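Biologist: I've got a model open and I'd like help reading it. Can we go through it together?

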Amino acid sequence: MRKSLLQWLAIACLAAPAAAADQWLSNAHLYDGLPGSTVRKVNLRITDGRIAEITSAQSRPGALDLRGAYVLPGFIDAHTHIEDPASARRALHSGVTTTRVLGDAFLKGLATRDLVRDGYVPGPQMLVSGGHVRPQLGEAFILSFPQFGRYLAAPLQGSEQVAEVVRAVIARGADVVKVGASERAGLARTDPRRQELSYEELRAAVLEAARSGRFVAAHAHDRYGANAAVRAGVRSIEHGTYVDEETLILMRKQGTFFVPTLAIMSPLGDPRGDDADAVALQLRTLHMMRPLRDAVRKARALGITVAVGTDSSYGDGDDYGRVRPGHEIMELIGCGYSALEAITAATYNSARVLGIESRTGSIAVGLEADLLIVDRDPRVDPTTLFEPLLVLSDGRIALDRLALR
Ligand SMILES: [Zn+2]
């Protein structure tokens, strides 16, 4: 019977303890994630959690024979709301080896990040915003920052107030800052066509974050909010539904990244809801999908770097938790991307949004061995991306279903 990687490693350890740090994966189809690359047959050596060697494929005695399976970089989900250990584990088992958490109630994402980092629970590596800086901070935010109790009654307003809140979030350990340039889409009583923070306030957030080397991600649906955020120098536009051509051209010029979160719109527009809010959200979603897909097509034509973010909580029991990078990749393919381009958007491009492309997000000698191994050629059948056979994070096995093959 075929051995799983865990059994194989156990045998390797017994047989040759000195060589246990080396793992060979043989007979693999590799897509390294880099733009313009294609699929090639290789053997891979992993040593001490990193890619140590990539050679042309011949069978290697002692290697784990992948029998032609496809090796890709682990997904980097650039927009999630993971805020508990079970959701972190679900993400990792979906092939997500790194994620950026843009908004976590009660700072639960920050705590989950620390539990994963310290090895108490399995999960992707997490960069976390710890809250959403916007005029209406909301009770969940203020319960974590009671010094801002005055914003329960009055909105956050002006550059100084915004900078003070950004400082507080960073002092609590945020890796990245999320700001509201537009109102939210996921609530019936907010209007995503309305701008929230002003250009001056957004600029104050960018400057304050830059003082400690942090990037700013802007939640932006409306054209004016998106334009203000891009001019203010944010790292990425999240959603971007009504972004206009002028702003897209500016994004191209400034190197602003675009994380359109197309796939989350489908559960938002799910017709199964029966209350008045659900109906309002369905109608709104139908109207938002067309401009958003148009914006993504234009972004691709202009050469803007689009990255994959699911906006998923990876929770169970709610529709927003079900979205996976595979769904977003299918949406990008629907907007004219090739399967490999869409996988690059979910790996290398996302790594660039997070500023970590020198250590992960592609497969090259010296980078972290964050790998997703799937059964079939994703160019022929992208649904294979929903069924990881093997997930490695820093060379460690996070999921092993090879024996099921
Ligand atoms: Zn979100």
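Modeller: Sure, let's take a sheet and then a domain interface. This is a predicted model, where local features need pLDDT of at least 70 and side-chain atom pairs count only at pLDDT 80 or more, while totals for chains, interfaces and linings use all residues. Residues are numbered from 1 along each chain as its sequence is written, and side-chain values use heavy atoms, with hydrogens and water left out.

Biologist: In what order do the five strands of the open sheet run?

Modeller: Strands of a sheet pair through backbone hydrogen bonds, either parallel or antiparallel. Here the order is E9-E10-E11-E12-E13, with parallel pairing. Strands are DSSP runs (E, at least two residues), numbered from the N terminus, and two of them pair if DSSP finds at least two bridges between them. E9 (132-133) and E13 (257-259) each have a single partner strand, so one side of each is left without a neighbour in the sheet. E12 (residues 236-239) pairs with E13 over three bridges; Ser236, for instance, has Phe257 as its bridge partner.

Biologist: And how much area is buried between domain 1 and domain 2?

Modeller: The size of an interface is often given as the accessible area lost when the parts come together. Between these domains that is about 1,800 Å², with 75% from carbon and sulfur atoms (1.4 Å probe, summed over both parts). In domain 1, Tyr31, Leu385 and Phe386 lose the most area to domain 2, together 28% of what that side buries. The bounds, from an automatic or database domain assignment, are 5-72 + 362-404 for domain 1 and 74-354 for domain 2.

Technical notes:
Helix = DSSP H or I, 4+ residues; strand = E, 2+ residues; numbered from the N terminus. Buried area = accessible area lost by both parts, 1.4 Å probe.
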